[in-house]
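Student: I have a structure open and would like to talk through its pockets and its surface. Could you go through them with me?

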Amino acid sequence: MKGKYNEERKYSAGLDIASYEVDSQFRLKPASFMDMAQEIAYLAATEMGFGYDDLQEKGVVWVLSRMNLKFLRLPLWRESVVLTTWHKGPHGPFFIRDFKMISATGEVLVLGTSSWVMMDITSRRLCRAEDMIPDDTSCKDDAIAVPAGKVMMPKGIEPEIVGTHEVRYSDVDIVGHTNNARYVVWSMDTIDYNELKNTPVRELTINFNHETRPGEAVQLCKAVQRAEEHASYYIDGRSGDRQVFCVKIDI
């Protein structure tokens, strides 16, 4: 993936949807979009001077905290798309980065917004991103106007324990903890295959609350709310007494 900035401070890259990024219906998997979003975010930040290598020299790293994705139409295998990202500057304790994926004809396929924090590598404490990110690098346009919100298990529904996942080699990213997209993979695997096969994901919101590392066991719990032809799945991951993540998947 290689892109470039335009005069609006938006970074875009052209992509062709690969076979390993789609499901049995040839549709882009939500976790595959998250992988793309993470990569283009790294590239865009690097071009602006606050990417992974730049921050390593300062002893800090970007950490994804929340994400909301709206899938208007999941692109298909071999389809050509353009993925665009831009950062909108600070919002409370977070830095906001938005995403938009369009088809070759300009059809809007996916909209996303993400909330990031900057963490000290040694102390694992949060630090002030505003001191390192020039304001003149931001773009105030919205892919999604409201930042990703907090996700909680619904009240009045007893969650079902659906399994435990031990963090393994394939789960771990360059920072040494579980990659954000893997939590979505684990979560979607708790939903009936035929339901996901027949009904594509419409929206996904996820909170990343604590990092996990190799060998750590994460217990997965699930609750579902149904309304007519749609369903909302809530999946909660816990390690000991800590909530690792919580995701809402609307289909």
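Student: How much space lies in the second largest pocket?

Tutor: This is a predicted model, and in it about 370 Å³ of space lies in the second largest pocket.

Student: Ok, and which residues lie nearest its centre?

Tutor: The second largest pocket has a lining of 19 residues, and those nearest its centre are Asp23, Lys29, Met188, Asp189 and Leu196. Two or more lining residues are given to this pocket by each of the helices H1, H3 and H4, the last of which covers 193-198.

Student: How does the lining of that second largest pocket divide by class?

Tutor: There are 12 nonpolar residues in the lining of the second largest pocket, together with five charged and two polar ones.

Student: Now the largest pocket: how much space is in there, and what lies nearest its centre?

Tutor: The largest pocket holds about 480 Å³ of space, and 24 residues line it, with Val63, Leu64, His177, Phe208 and Glu211 lying nearest its centre.

Student: Which element supplies the largest share of that lining?

Tutor: That is strand E3, from which four residues of the lining come. At least two lining residues each are supplied by E3, by helix H1 (30-48), by strand E6 (108-120) and by helix H3 (180-188). By class, the lining of the largest pocket has four charged residues, nine polar ones and 11 nonpolar ones.

Student: Switching to cavities, how many are there of 30 Å³ or more?

Tutor: The count comes to one cavity of 30 Å³ or more, and the volume of the largest cavity is about 130 Å³. It is lined by 13 residues, and Ala45, Phe50, Trp62, Arg97 and Trp116 are the closest to its centre.

Student: Which elements give two or more residues to that cavity lining, and what classes are in it?

Tutor: Helix H1 and strand E5 (94-103) each give two or more residues to the lining of the largest cavity, which divides into 10 nonpolar residues, two polar and one charged.

Student: Last topic, the surface: which residues make the nonpolar patch?

Tutor: Phe26, Leu76 and Trp77 make a nonpolar surface patch of about 270 Å². Leu76 is placed in the loop between strand E3 (60-71) and strand E4 (80-91).

Student: Why does Leu76 count as partly exposed?

Tutor: Leu76 counts as partly exposed because its relative accessible area is 37%, and that term is used between the limits of 20% for buried and 50% for exposed.

Notes:
Residues are numbered from 1 along each chain as its sequence is written. This is a predicted model: local features need pLDDT of at least 70, side-chain atom pairs count only at pLDDT 80 or more; totals for chains, interfaces and linings use all residues. Side-chain values use heavy atoms; hydrogens and water are left out. Patches are made of residues with over 30% relative accessible area and no salt bridge: like charges are joined within 9 Å, nonpolar side chains (Val, Leu, Ile, Met, Phe, Trp, Tyr) within 5 Å. Accessible areas come from the Shrake-Rupley method with a 1.4 Å probe; for residues, only the protein chains shown count as cover. A salt bridge is a side-chain nitrogen of Lys or Arg within 4 Å of a carboxyl oxygen of Asp or Glu. Buried means under 20% relative accessible area, exposed over 50%, partly exposed in between (1.4 Å probe, protein chains only). On a 1 Å grid over the protein atoms alone, a cavity is a set of points where a 1.4 Å probe fits but cannot get out, and a pocket is an open set with protein on both sides within 12 Å along at least five of seven lines; lining residues have an atom within 4 Å of a point. Grid points are joined across faces, edges and corners, and a volume is the space filled by probe spheres set on the points. Ala, Val, Leu, Ile, Met, Phe, Trp, Tyr, Cys and Pro count as nonpolar, Asp, Glu, Lys and Arg as charged, and the others, Gly among them, as polar.
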